[in-house]
Amino acid sequence: MPADSDHTAETTPPPAAAANGEETHLLDEVLRFVPISAAKDLISDGVCFRCILRLFGKYGRSCSLSPHVSCTVPSSVGAGASSDSSMENGGLDANRGSSSQISGESLNEPDICCICCGILQFRYLKCDKELVKLNSAGEFASSIFQIIKEEGHQPDGFSLEVSIPPFAQESENRARLSVEKKYGSDSWCQENLRSEVVSIKDALKFSIKSGLETMLGAQCSSSSFRINLTFTCSEGTTNYGKSMDKDQTSKRRKTGSDSNEEVAQVALNSNEHPIMNGSALYRCSNSLRETSESCNGLDLKSLPCCLKVHPYRTPVFIGGRYLKYSRNVSQTCWIIGEERKGEASVEEIVGGAILPICKADNYKFHAAGREDIDVRMLGSGRPFLVEIQNARVIPSTAHLKDMEEGINGLDDRLVRVKNLKVVDIEGWALMREGEAEKQLHVTTKVSKGLLQKEYVALVWISRPVEDEDLRTLSSFKDMKIIQRTPIRVLHRRSPLDREKIIHWMNIEKIAGNPQYFFLRLCTQAGTYIKEFVHGDLGRTHPSIGSIFGCRAEILQLDVTDVKMDCF
């Protein structure tokens, strides 16, 4: 074992040597594609090495190397040292060097790049305006990993989201224009400026992806877990962006032309695409030439952006069916003013049991329709979905079982759930489709198959029930009724006439009480059952009261089945 340790110490280079190796490689990458004179011009104007590589579509592995480098170029090579003879063999041979050949004048990478504003140098401002300076993509990935760990996420995969200020694209356009103006006649420039430009977003993702995959033990792909990196303007860059807008507006007023405005807008919006075609950007630069005052120098601000790291998970949906046994429990929390209605709600009972297990921020409760607070939900139960927001834990089968047992084991037994499972967005779409069909008042195969609901009601009428009444109600099949918005919900519903269907009805007499009976019926979803019984002062027609030719009142109502093919 000691021998192995000694051998490792001898073959593994120290950190300083490794960093120098990365710096040397990065310099070589730049000089492979860009003449020393052009590279020196861009760096002196405040462009970092990564942005130089991006501008010419040469990003590759070098984007993940150590960001801050100091290298040297021959002191004899000036900013405009290119000549006709130096453009032979692709324009690079006579004016190209390598890190092993370069010595003399020191050339330092800018502290904050004027194009990416330090984003690709891993320099940024925290929320408290403290400047953070990291040395590598690995350190940046590690800082993101720590935030994810502190928030308690357990990702099985992840995707990266990057947002940058729009003025960064304008700065990039000006840099390309400056190079094109000075070196546009050189063959290397004409070829490379028309290559595909790697966006700041993609370069950053490329830099940190592999490091995050290693630390998280998960692959970067399409995933419900997202890592959002939002770079915003600091105060100085905000003012600079406004001054640029004013400058462009002033030029349009002088020329009286809007063509440049359209081209500039295309350029500003190009950061929405991962890769912008170099030819399109080249043509855009030509159109911007007349409005740019920075052709002989970039004159761009080098101020860092503010960074906010927000790891989150897209909503997780848990579906199932609930039963409600109390006539004093609302479906959702019901508070009027400062007064609470009912002793509890289905939403609070179910969501309160799910939230701590998923370690989520919040939840939303959705159901296939709703019953009044004094109506019980029995039988097969009502389908529902709980939308879990930013869950740290994806519930497993064991978790779902714990949720069911926790809710069903409550002493008061106000609510019970069954068939809990994690569902995808299709389950959500199915439930919303059912609601949409109900709102459109259409009777289709979907509504007949999925949107029927069954009820049992305790009804009183002002005369004794006769056998003829039983035969009359039993004879109705798919009876159409018209319901004007009930008086009791006019304060929150539009005053409309709604056509609904009563699929079937029957009566069960109550021995010893000739004026009371149980009414069982199956209706289209969205039918107001209470109003169908008493008529709502003629706003529902026909009704039980109008069919029997007497006064009818509903005393109790239960939902016994909600026919939806889900959960």
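How many salt bridges does the count come to in this one? By the rule I used, 27, where a salt bridge means a side-chain nitrogen of Lys or Arg within 4 Å of a carboxyl oxygen of Asp or Glu. I'll come back to a few of those.

Quick housekeeping before that. This is a predicted model, so local features need pLDDT of at least 70 and side-chain atom pairs count only at pLDDT 80 or more, while totals for chains, interfaces and linings use all residues. Residues are numbered from 1 along each chain as its sequence is written, and side-chain values use heavy atoms, with hydrogens and water left out.

Okay, the overall picture. The protein chain has 18 helices and 23 strands; these are DSSP runs, H or I of at least four residues for helices and E of at least two for strands, numbered from the N terminus. Of the 567 residues, 49% are buried. Buried here is under 20% relative accessible area, exposed is over 50%, and partly exposed is in between, with a 1.4 Å probe and protein chains only. The chain exposes about 26700 Å², and carbon and sulfur atoms supply 49% of that; the areas are Shrake-Rupley with a 1.4 Å probe, and for residues only the protein chains shown count as cover. As for contacts, meaning heavy atoms within 4.5 Å, take the ones between residues at least 6 apart in sequence: 78% of them join residues at least 24 apart.

Now the inside. The largest nonpolar core has 60 residues. By nonpolar core I mean a set of buried Ala, Val, Leu, Ile, Met, Phe, Trp, Tyr and Cys residues joined through side-chain atoms within 4.5 Å. Among those with the most contacts inside it are Tyr322, Phe384, Met505 and Leu519. There's also a second, separate core of 57 residues, and that one includes Ile43, Cys114, Cys116 and Ala203.

Keep Leu519 in mind, and let's look at the strands around it. Strand 20 (residues 497-509) pairs on one side of the story with strand 19 (residues 479-484), antiparallel, over 6 bridges. To count as a pair, two strands need at least two DSSP bridges between them. One of the partners is easy to find: glutamine 483 bridges to arginine 498 in strand 20. Strand 20 also runs antiparallel to strand 21 (residues 516-524), with 7 bridges joining them. Isoleucine 507 stands opposite leucine 519 in strand 21, and leucine 519 is one of the core residues I just listed. The hairpin of strands 20 and 21 has 6 residues between the strands, and glycine 512 there takes a positive phi near 85°.

Back to the salt bridges, as promised. Where does lysine 530 find aspartate 372, and how far apart are the closest N and O atoms? They're 3.0 Å apart. Lysine 530 is in helix 17 (residues 529-534) and aspartate 372 is in the loop between strand 15 (362-367) and strand 16 (376-389), so this pair ties together parts that are 158 residues apart in sequence. Lysine 530 is buried at 16%, whereas aspartate 372 is partly exposed at 26%. And the pair has company: salt bridges that share partners join Asp372, Asp374, Arg488, Lys530 and Glu531 into one network.

Another one is aspartate 469 with arginine 463, at 2.9 Å between the closest N and O atoms; aspartate 469 is buried, at 6%. Then there's glutamate 339 with lysine 341, N to O 3.6 Å. Both ends are partly exposed, glutamate 339 at 47% and lysine 341 at 25%.

A helix next. Helix 6 (residues 167-183) is mostly covered, with 15 of its 17 residues buried.

Last, some backbone oddities. Histidine 541 and proline 542 are joined by a cis peptide bond, omega about -10°, and proline 542 lies in the loop between strand 22 (540-541) and helix 18 (544-548). Cysteine 117 has a positive phi of about 55° although it isn't a glycine. Cysteine 117 sits in the loop between strand 2 (105-108) and strand 3 (123-125), buried at 1%. Asparagine 390 has a positive phi too, near 55°. Its place is the loop between strand 16 and helix 13 (397-408), and at 8% asparagine 390 counts as buried.
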